[in-house]
Each structure stands twice: as C-alpha cells, then as structure tokens.
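Ready for a few warm-up exercises on reading a protein fold? Have a look at the model below, then work through the tasks one by one.

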Amino acid sequence: MTVYQELQLNQAGSKNLIRSCADQKEKRKHIAVYLLKISLTVAFCVIFVSVFTSLFGEENGVAGVGVLLALLAFRQVNLGFETSQSVWVMIGIFGILAVGPHMANQVPSVVGFVINSVCIFVMLVLGCHNVIYFNHATFVLTYLLLYGNDVNGVVCGKRVLGLMLGGIWVALCMYRNHRKTECKRRLKDVLQEFCLESTRSQWQIKLALGVCLSMLVGELLGLPRSMWIGIAAMSVLQPFDTDRKTKMIYRFLGTLAGCVGFMLLIQILPESSYGLLGILGGIGVGFCATYKWQTVFNAFGALGIAMSFFGSGGSVTLRVVNNGFAVLFVILFVPAFDWALKQIRKLKKTPAVQ
C-alpha cells in the first residue's frame with residue numbers, strides 16, 4: 001500500500017492497519033502517516049470553511065461545513081445508482097438544502113414539521129438508497145445545521161448561492177471519482193424499489209418522521225436548539241435495530257462525558273482560547289473511530305457555539321436535556337411507528353419483505 005492509498009483510509013482502517021503491524025518500525029511509519037492525514041484533513045477543513053465564510057459571510061459558516069462534509073463523504077461513496085444521473089440528483093438535493101430549512105423557519109412549527117419531513121424524506125429516498133454508505137449522516141445533518149442556524153435577507157441569498165455552487169462542486173467531484181464505477185441501477189429503479197414492504201423504505205419514513213417529530217415536540221415544549229434534538233434522534237435512528245440500541249446508550253453517556261470535559265477545559269483555559277474548543281473537538285473526532293468517542297468530542301463544537309447564547313452552564317444543561325429528550329423520544333417513537341406500520345400491513349394483507 002502506497003502512502004497516498006493509506007491517506008485515503010478512514011479512521012477505523014488506519015487504526016486496524018497500525019494494530020496489524022508486528023514490526024515496530026513499520027508501525028511507527030503507519031502512525032506517522034495517520035498523524036499526517038489528520039493534520040492535512042484539519043488544515044483543509046479550516047482553510048475551506050474560512051474561504052467559504054469570507055466569500056459568503058460569517059453567518060454562512062454552517063453552510064460551508066455542510067459543503068465540506070459532502071466533499072469528504074462523496075469522494076469515497078456515491079448515491080448508489082448510475083453516476084451521470086447521480087450528478088443531477090446531488091445538485092437537486094443541494095437545492096433542497098438551500099431552500100427547505102429556511103422555508104420551515106418562516107412558518108409555524110407544525111407547518112415547518114411538514115416541510116422538514118417532506119424535504120428530509122425526499123433526500124433519503126434519492127440519496128440514501130444504499131444504507132451501508134450512511135449518506136443520511138451527511139444530508140440530514142447538513143439540513144438540521146442549516147435549520148438551526150437560519151439567516152434572512154442578503155445573507156440568505158448568499159447562503160443559497162454558496163450551497164448551489166458547493167452542490168455543483170460536490171456533484172462534479174463525485175462524478176470524477178466514481179464515473180468508472182459500474183452501476184446497473186438507475187434513478188427510476190430507485191423510485192420503483194420504494195415500497196412500504198421494504199425494510200429500507202420503512203427506515204427512510206421512520207427516520208424522516210422521527211427526526212422532524214422529535215424537533216416539533218421539543219419546540220412545542222419550549223426547548224431551545226431543537227436542532228440538537230433532531231441531530232441526536234438522527235444519529236440513533238439507524239437502519240439496523242442493534243445499532244440503534246447501542247447508539248442510544250452511547251449518545252447519552254457520550255454527551256455527559258463531553259459536557260464534563262468541556263466544563264473542565266473552560267475552567268483551565270483562558271477565555272480568549274474558548275473559540276479553539278470547536279477545532280479541538282474536530283481534531284478529536286478525527287482521531288476517533290468509534291461512535292461513543294465521536295459523541296464526546298462533537299459536544300465541544302456544539303457547546304462552544306451555544307455558550308455565547310446560553311452561557312457555559314446553560315449550554316451544558318441544554319445539551320444534556322436535549323440529547324436525553326431525543327433518546328427518550330426514540331425509545332417511545334420506534335415501537336409506536338412499528339405498531340402503526342403493522343396495522344397498515346394487516347389492512348393491506350401483504351407480508352413484509354426483508
């Protein structure tokens with residue numbers, strides 16, 4: 001394996017490679033490549049978001065993060081169907097990201113729930129056909145970040161422009177990397193394969209409704225930062241039941257650990273360095289190959305932003321409450337959804353397809 005090929009590995013792949021080396025010299029070499037990869041990734045992320053915000057405004061940094069996440073994800077995977085068609089679908093998905101979250105913020109919460117549900121559902125059907133690619137983590141996360149950090153006026157126009165240009169860039173990069181990938185499935189096949197008897201389709205409906213309904217209930221209860229509720233619900237509503245149960249535990253415990261670590265750091269660090277906590281969290285996520293530790297470090301970035309609105313104590317309390325609420329909501333929502341689906345299936349008198 002060349003250094004370039006090794007740089008393309010994800011965290012888990014790099015760590016497995018390091019662990020598999022019996023020769024200490026070879027192991028040190030792989031560790032050095034791994035550290036180089038993390039350094040390059042962090043540097044690229046910082047530079048990319050900085051350039052994006054300089055072009056489209058500081059308030060649109062979250063849009064830059066969304067474009068960045070898509071670039072990092074879709075250089076590795078595609079949408080699961082013919083690449084030339086995927087290009088146009090990708091641009092369409094970024095169109096949804098550009099207008100959907102803003103539209104949902106301009107109307108009452110119940111109407112916003114409908115808009116969010118439809119937008120997320122369409123993205124899941126078009127962009128997440130192959131569930132093992134976990135494309136939903138990119139699309140839904142970006143949507144929720146944009147929903148929770150809405151802008152208006154000229155800044156909103158810049159956001160739309162930045163997202164559409166970013167979407168075109170992501171689509172072209174995906175085409176360049178995957179144009180030689182043989183894929184017999186076309187977009188029409190993806191649409192035809194959607195049906196209530198498919199476990200994949202059931203998960204897509206469950207995820208869209210679960211995420212949006214959890215935010216709606218949170219908003220009606222008066223919980224600020226409902227975006228956090230949606231992100232937590234999205235992260236645990238996995239396609240596979242065993243993953244969901246494990247991640248619910250790790251989500252809550254990881255959030256607690258991240259909040260404790262954050263509070264300890266702000267007691268030690270000078271106030272002028274608080275802005276670096278988000279970068280520290282990003283670096284930590286880069287080194288982590290497991291969900292539980294990624295949850296811990298993800299809390300740093302979220303709390304660093306929220307601290308300017310709610311203070312350190314308020315941010316930590318809200319982070320724990322929102323994530324705990326999301327986990328509890330999923331515990332109640334999943335069996336209710338499965339029961340409703342079972343009743344619909346009984347009415348249709350058709351067996352489930354696994």
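**Exercise 1. Work out how helix H3 and helix H4 are arranged.**

Step 1: H3 covers residues 24-56 and H4 covers residues 61-74, and their axes come within 9 Å and cross at roughly 135°. Axes here are lines fitted to C-alpha atoms, for helices over the stretch in contact, with angles from 0 to 180 degrees between N-to-C directions.
Step 2: That angle makes H3 oblique to H4 (under 35 degrees is roughly parallel, over 145 roughly antiparallel, 65 to 115 roughly perpendicular, the rest oblique).
Step 3: The H3 and H4 crossing is right-handed (the near helix is turned clockwise from the far one by less than a right angle; anticlockwise is left-handed).

A quick note: this is a predicted model, where local features need pLDDT of at least 70 and side-chain atom pairs count only at pLDDT 80 or more, while totals for chains, interfaces and linings use all residues. Residues are numbered from 1 along each chain as its sequence is written, and side-chain values use heavy atoms, leaving out hydrogens and water.

**Exercise 2. Do the same for H12 and H14.**

Step 1: The axes of H12 and H14 lie 8 Å apart, at an angle of about 165°.
Step 2: So H12 is roughly antiparallel to H14.
Step 3: This crossing of H12 and H14 is left-handed.
Step 4: Sort the residues of their contact and you get 22 nonpolar, 9 polar and 5 charged (Ala, Val, Leu, Ile, Met, Phe, Trp, Tyr, Cys and Pro are nonpolar, Asp, Glu, Lys and Arg charged, the others, Gly among them, polar).

**Exercise 3. Describe the chain as a whole.**

Step 1: Count the elements: 14 helices and 0 strands (DSSP runs numbered from the N terminus, H or I of at least four residues for helices, E of at least two for strands).
Step 2: Box in the C-alpha atoms along the principal axes, and you need roughly 60 × 50 × 45 Å.
Step 3: A compact globule of 354 residues would have a radius of gyration near 20 Å, and the chain's 21 Å agrees (taken over C-alpha atoms; the rule is 2.2 Å times the number of residues to the power 0.38).
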